[in-house]
Amino acid sequence: MPSSKKEGLIFGVMMCFGMVIVMSLYNAVINGTIHDFSMFSVVEIATGLVIALVLDIAVVGPLARKIAFSLPIDRSKKINMILAMSSCMVIGMVLFMSLFGLVTAVFAHGLEVENLFTAYLMIAGKNVIMALPLQLLIMGPLVRGLFTKVVKPRLTSPA
C-alpha cells in the first residue's frame, strides 16, 4: 500500500484514528462508562491516538512487518500479505493498547480486582475479539480504499 514514509505516516494516521475511535467507544460500552462521556474522555481518546501512532511507527509496525514477512505464506498473493500484516498489527496493538486501557482505568476509576495481570488478560481478550474482525472486515478495507482512491492520487499527482 504505502510506498514512501510520507504515505506510510498518512496511512498509519488514518488507520489509527479509525481503530482508536471505534475501540474507545467499544470499551466504553462494555465497561458501562459510555454515559460518562466528558472532556476527560476526549483527552483520553486523543492520548490513546498519539500513543497508538507512536507504537505503530516505532514498535508494532516494524515488528509486525518482520513477523509477517517471515511467515511461510505465498507472498505473491496480495491478500495473504494483507491478512498477515493486519493480524500481526492487531495482536501487537491490542497487547500494548490494552495495557494503556488498564492504566487509564486504574487512574480514572480505580479497579477493584485482586490481580492486575488477570485484569489485563481480560481486557486484551475482549479487545482482540473486537479489533481483529474490525480490522480485517471493516477498517482495513475502508482505510485501504480511501487511501488508494483519495490520498495516494493526491500525493503522486504533479502539483
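**Notes on a predicted helical model**

1. The side chain of Thr104 has a polar atom that lies 3.0 Å from the backbone oxygen of Gly101, and, since this is a predicted model, that distance should be read as a property of the prediction. Thr104 belongs to helix α3, which covers residues 78-108. Once its neighbours within four places in sequence are set aside, Thr104 is in contact with Glu44 and His109. Is Thr104 buried or exposed? Its relative accessible area is 16%, and because buried means under 20%, Thr104 counts as buried.

2. Ser41 can be read in a similar way, and it is found in helix α2, which spans residues 39-70. Its relative accessibility is 15%, so Ser41 is classed as buried under the 20% cut-off. Ser41 and Ser24 stand 17 residues apart along the chain, and their C-alpha atoms are separated by 9.1 Å.

3. The next point concerns the pairing of two helices. Two packed helices are described by the angle between their axes together with the distance between those axes. For helix α1 (residues 5-30) and helix α4 (residues 116-156), the axes come within 9 Å and cross at roughly 145°, and the crossing of α1 and α4 is right-handed. Which classes of residue make up the contact of α1 with α4? This contact has 18 nonpolar residues, along with six polar and five charged ones.

4. Gly140 is found in helix α4. With a relative accessible area of 0%, Gly140 is buried. Leaving aside neighbours within four places in sequence, Gly140 is in contact with Met15, Leu134 and Gln135. The C-alpha atoms of Gly140 and Met130, which are ten residues apart along the chain, are separated by 13 Å.

5. The last point is about nonpolar residues, and a general tendency helps here: in soluble globular proteins, nonpolar side chains tend to be buried together. In this model the largest nonpolar core has 16 residues, and those with the most contacts inside it are Ala52, Leu55, Val60, Ala68, Met89, Met93 and Met97. Helices α1, α2 and α3 each supply at least two residues of this core. To take one of these residues, Ala68 is in contact with Ile73, Met81, Ala84, Met85 and Cys88, again leaving aside its neighbours within four places in sequence. Apart from this core lies another, of 15 residues, which includes Phe11, Val90, Phe147 and Val151.

Conventions. Residues are numbered from 1 along each chain as its sequence is written. This is a predicted model: local features need pLDDT of at least 70, side-chain atom pairs count only at pLDDT 80 or more; totals for chains, interfaces and linings use all residues. Side-chain values use heavy atoms; hydrogens and water are left out. Helices (H or I, at least four residues) and strands (E, at least two) are DSSP runs, numbered from the N terminus. Buried means under 20% relative accessible area, exposed over 50%, partly exposed in between (1.4 Å probe, protein chains only). A polar contact is a pair of N or O atoms within 3.5 Å; within protein, one must be able to donate a hydrogen and the other to accept it, and residues adjacent in sequence count only if both atoms are side-chain atoms. Contact means heavy atoms within 4.5 Å. Axes are lines fitted to C-alpha atoms, for helices over the stretch in contact, and angles run from 0 to 180 degrees between N-to-C directions. A crossing is left-handed if the near helix is turned anticlockwise from the far one by less than a right angle, and right-handed if clockwise. Ala, Val, Leu, Ile, Met, Phe, Trp, Tyr, Cys and Pro count as nonpolar, Asp, Glu, Lys and Arg as charged, and the others, Gly among them, as polar. A nonpolar core is a set of buried Ala, Val, Leu, Ile, Met, Phe, Trp, Tyr and Cys residues joined through side-chain atoms within 4.5 Å.
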